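Here's a quick walk through the side-chain packing and pairing in this one. Have the coordinates open and follow along.

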Amino acid sequence: MPKYYIRDGYEMAVVDAKTATHACVKATLYYFTSFTINGTFIASEKGFKSHDDDTILSSNHIIDVISDIKRNMRNSEDG
């Protein structure tokens, strides 16, 4: 599984995940102490410094992904 360096302008975390999106979700749920609305996450496989191939994700998109995961968990519990 790839290692991603996630930063949001306030906090940073190193996370193992399948994709940059999943790494941002994991950082948000397990490592970061706050969440910026209308902000961005920067995910890199190279380190915390900026790189041309970094992935930039909207925090609104990450909220949507977290909501979808929670919804799917509830639906699977309801059977």
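## The phenylalanine cluster

In this predicted model, Phe 35 comes out as partly exposed, because its relative accessible area of 27% is not under the 20% that would make it buried. Phe 35 belongs to an aromatic cluster together with Phe 32 and Phe 41. Those other two are tucked away: Phe 32 is buried at 8% relative accessible area, and Phe 41 is buried too, at 2%.

How are the rings of Phe 35 and Phe 41 set against each other, in distance and angle? Their centres sit 5.9 Å apart and their planes make an angle of 50°, so this pair goes down as tilted. The model has three aromatic pairs. One of them is Phe 32 with Phe 41, where the centres are 6.2 Å apart but the planes are at just 15°, so that pair is stacked. Phe 41 thus takes part in a tilted pair with Phe 35 and in a stacked one with Phe 32.

## The nonpolar core

Now to the largest nonpolar core, which has 17 residues. Which of its members touch the most others? Those are Tyr 4, Ile 6, Val 15, Cys 24 and Ile 62. Two or more residues apiece come from strand 1 (3-7), strand 2 (12-16), helix 1 (20-30), strand 3 (40-44) and helix 2 (59-78). Helix 1 is the top contributor, putting in five residues.

Tyr 4 is worth a click. Setting aside neighbours within four places in sequence, Tyr 4 has a run of contacts that includes Ala 13, Val 14, Val 15, Ala 17, Lys 18 and Thr 19. Also among the contacts of Tyr 4 are Ala 20 and Ala 23, as well as Ala 43, Ser 44 and Glu 45.

## Helix 1 and its partners

Which residues of helix 1 are buried? The list runs Ala 20, Thr 21, Ala 23, Cys 24, Val 25, Ala 27 and Thr 28. Of these, Cys 24 has already come up as one of the core members with the most touches.

As for what they lean on, the buried residues of helix 1 pack against strand 1, strand 2, strand 3, strand 4 (55-58) and helix 2.

## Salt bridges

There are three salt bridges in the model. Arg 7 and Asp 54 make one of them, at 4.0 Å from N to O. This pair ties together distant parts of the chain, 47 residues apart, with Arg 7 in strand 1 and Asp 54 in the loop between strand 3 and strand 4. Are these two partners buried or exposed? Arg 7 is buried at 13% relative accessibility, and Asp 54 is buried at 15%.

Another bridge joins Asp 53 to Lys 46, with the closest N and O atoms 3.2 Å apart. Here Lys 46 is exposed, because its 54% relative accessibility is over the 50% cut-off.

The remaining one is between Arg 71 and Asp 68, whose closest N and O atoms are 2.7 Å apart. Why does about one helical turn separate them? Because Arg 71 and Asp 68 are three residues apart in helix 2. In an α-helix there are 3.6 residues a turn, so residues three or four places apart point the same way. Both are partly exposed, Arg 71 with a relative accessible area of 39% and Asp 68 with 36%.

Key. Residues are numbered from 1 along each chain as its sequence is written. This is a predicted model: local features need pLDDT of at least 70, side-chain atom pairs count only at pLDDT 80 or more; totals for chains, interfaces and linings use all residues. Side-chain values use heavy atoms; hydrogens and water are left out. A nonpolar core is a set of buried Ala, Val, Leu, Ile, Met, Phe, Trp, Tyr and Cys residues joined through side-chain atoms within 4.5 Å. Buried means under 20% relative accessible area, exposed over 50%, partly exposed in between (1.4 Å probe, protein chains only). Helices (H or I, at least four residues) and strands (E, at least two) are DSSP runs, numbered from the N terminus. Contact means heavy atoms within 4.5 Å. Rings of Phe, Tyr and Trp (its six-membered ring) pair if their centres lie within 6.5 Å; planes under 30 degrees apart count as stacked, over 60 as edge-to-face and the rest as tilted. A salt bridge is a side-chain nitrogen of Lys or Arg within 4 Å of a carboxyl oxygen of Asp or Glu.
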